[in-house]
Amino acid sequence: MSAVAFFDPRLVRQVSLRLSGETIHRQVYRFPDAKLIVIASSQEDGRTGKAVLHSNELKVRTKGATEHMEIPNSFRLQSLLEHIDHGGIAEERVLQMRIGELKVAGNYLMRCGKLKNGDAKEIFGLLRDIERDLAEPKRNAQKLAASRNVGKGIGYRSPKAENPVGPVVAITAKAAVVRLEHRIAQILGVRSFANLRLALVTAFNREAEALFKALKEEKSMRSQTFPGLVAQLEHMRIQPFEAPARRIEALCDSCRFGDAIESDVFAAIRRELHAVLLVCVVERQVIRRLSHMTHRRLSEAQMKDCREASINAIERIAKHVAACDSFSVDARRMAAIKLTHARGILAQEDLFETPKKRIKSADRILKELTAVLPV
């Protein structure tokens with residue numbers, strides 16, 4: 001199934017959303033279920049075409065006041081789903097290691113019977129590390145319960161001699177293993193959810209960008225393929241493609257009904273196309289990399305490669321914008337200022353002394369650019 005098929009007008013539904021502590025009612029396009037949706041029409045608050053993702057973690061943290069995340073465009077949604085999958089893989093790997101350690105400790109302590117203080121020092125040290133690692137500020141209920149299980153075991157003392165009891169610790173370690181296995185099952189469910197939607201969103205971005213490129217390559221509104229390409233804009237219902245698609249449709253209508261000169265209309269359409277394709281390039285080649293630098297554990301060499309690739313991409317984009325006469329003078333000036341500022345931040349030699357702060361600053365500047373150009 002084509003990803004754009006989810007934006008069939010017949011699939012629009014009315015739903016209630018809890019966003020930023022308020023409940024709103026909107027018409028939306030739903031992906032396979034109600035956990036990922038795109039707002040169909042919300043002119044009064046500027047949310048038209050934005051994706052909304054249901055988040056159980058938000059619901060728990062805000063005690064039900066907020067349970068949906070608002071994502072500005074499909075490229076950020078793609079990055080978010082990638083981070084969910086990547087984070088799930090990393091968390092599962094750590095929990096599998098902890099389960100292995102708990103099983104080894106449990107098997108050893110089950111055979112030990114009553115212990116004296118100081119016996120099995122290394123085993124108890126390992127269990128204390130596990131208890132601390134799974135405790136607050138962790139928020140997941142299964143991890144916290146596993147931490148409490150381990151804590152009860154290592155804190156238990158025999159009634160008479162007040163010494164640790166190996167089998168008791170082993171039993172609580174086994175209970176902790178069950179808790180962590182439940183958490184791994186949760187992670188697999190979340191990753192399955194993210195992977196399906198990631199495939200759909202990635203396909204949509206690819207198809208949408210290909211459509212706008214095909215329109216840009218058209219030399220005339222009178223060509224045989226142009227009307228068919230314009231008809232496909234009806235499916236562009238998620239930002240950053242939604243707003244320019246509606247404007248291009250309106251421009252084509254004005255020319256069709258004789259309200260405007262064809263050459264002027266086509267020039268305006270090309271400006272829209274160049275703007276949205278510029279956003280695509282900035283999102284894919286720069287903002288996505290900066291997001292990985294911020295949210296993933298990269299080695300110093302990987303961080304350096306990402307930074308250099310981002311700087312090179314910004315320089316290429318800046319040269320293209322400066323040479324492209326489809327952009328207005330004001331648009332070229334604004335893009336040059338934003339791109340130069342972001343490049344300057346990333347190129348600073350002391351970037352790695354405060355990496356996240358600097359990267360987020362450059363990221364914010366580029367997001368301001370992509371927010372202005374397409375919408």
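Visitor: Is C280 buried or exposed?
Guide: C280 is buried in this predicted model. Its relative accessible area is 0%.

Visitor: Which cysteine sulfur is nearest to that of C280, and how far away is it?
Guide: The nearest one belongs to C324, and it is 14 Å away. C280 is in no disulfide.

Visitor: How many disulfides turn up in the whole structure?
Guide: Zero, after a search of the whole structure.

Visitor: And C112, what is its relative accessible area?
Guide: For C112 the value is 26%, so C112 counts as partly exposed.

Visitor: Back to C280. Which residues take part where α5 meets α8?
Guide: From α8 there are R270, L273, H274, V276, L277, C280 and R284. On the α5 side they meet E209, F212, K213, L215 and K216.

Visitor: What classes do those residues fall into?
Guide: The contact of α5 with α8 has six nonpolar, one polar and five charged residues.

Visitor: Where are those two helices in the chain, and at what angle do they pack?
Guide: Helix α5 covers residues 166-217 and helix α8 covers residues 262-295. They pack at about 140°, and their axes are 10 Å apart. That angle makes α5 oblique to α8.

Visitor: Why oblique, and not roughly antiparallel?
Guide: Because roughly antiparallel needs an angle over 145 degrees. The angle of α5 and α8 is about 140°.

Visitor: Left-handed or right-handed, the crossing of α5 and α8?
Guide: Left-handed.

Visitor: What about α3 and α4, at what angle do they cross?
Guide: They cross at roughly 150°, and their axes come within 8 Å. Helix α3 is residues 121-134, and helix α4 is residues 141-155. The two are therefore roughly antiparallel to each other. Their crossing is left-handed.

Visitor: Which residues make the contact of α3 and α4?
Guide: Helix α3 supplies F124, L127, R128, I130, E131 and L134. Helix α4 supplies K143, L144, A146, S147, V150, G151 and I154. By class, that contact has eight nonpolar, two polar and three charged residues.

Visitor: What sort of peptide bond joins E136 and P137, cis or trans?
Guide: The bond is cis, with omega about 20°. P137 is in the loop between α3 and α4.

Visitor: And from Q239 to P240, cis or trans?
Guide: That peptide bond is cis too, and its omega is near 10°. P240 sits in the loop between α6 (226-232) and α7 (242-256).

Visitor: What is usual for peptide bonds and for phi?
Guide: Most peptide bonds are trans, and most residues other than glycine have a negative phi.

Visitor: OK, what is the phi of S20?
Guide: Phi of S20 is near 50°, which is positive, and S20 is not a glycine. S20 is in the loop between β1 (12-19) and β2 (22-30). With 66% relative accessibility, S20 counts as exposed.

Visitor: And the phi of K63?
Guide: K63 is not a glycine either, and its phi is positive at about 55°. K63 lies in the loop between α1 (56-61) and β5 (68-71). Its relative accessibility is 80%, so K63 counts as exposed.

Visitor: Changing topic: where is R30?
Guide: R30 is in strand β2. It is partly exposed, at a relative accessible area of 36%.

Visitor: What is R30 in contact with?
Guide: Apart from neighbours within four places in sequence, R30 is in contact with F6, R13, L36 and I37. Between R30 and D264 the C-alpha atoms are 37 Å apart, with their positions 234 residues apart in sequence counted as separation.

Visitor: Which residues does E101 touch?
Guide: E101 touches L126 and I130, leaving out residues up to four places away in sequence. E101 itself lies in helix α2, residues 74-110. From E101 to V177 is 9.6 Å, C-alpha to C-alpha, and the two are 76 residues apart in sequence.

Visitor: Last one: which helix holds K174?
Guide: K174 is in helix α5. At 62% relative accessibility, K174 counts as exposed. The C-alpha atoms of K174 and I287 are 44 Å apart, and these residues are 113 residues apart along the chain.

Technical notes:
Residues numbered from 1 in each chain as written. Predicted model: local features only at pLDDT ≥ 70, side-chain atom pairs only at ≥ 80, totals over all residues. Heavy atoms only, no water. Axes fitted to C-alpha atoms, helices over the stretch in contact; angles between N-to-C directions. Helix = DSSP H or I, 4+ residues; strand = E, 2+ residues; numbered from the N terminus. Parallel < 35°, antiparallel > 145°, perpendicular 65-115°, else oblique. Left-handed = near helix turned anticlockwise from the far one by under 90°. Contact = heavy atoms within 4.5 Å. Nonpolar A, V, L, I, M, F, W, Y, C, P; charged D, E, K, R; others polar. Disulfide = S-S within 2.5 Å. Buried < 20%, exposed > 50% of the residue type's maximum accessible area, 1.4 Å probe, protein only.
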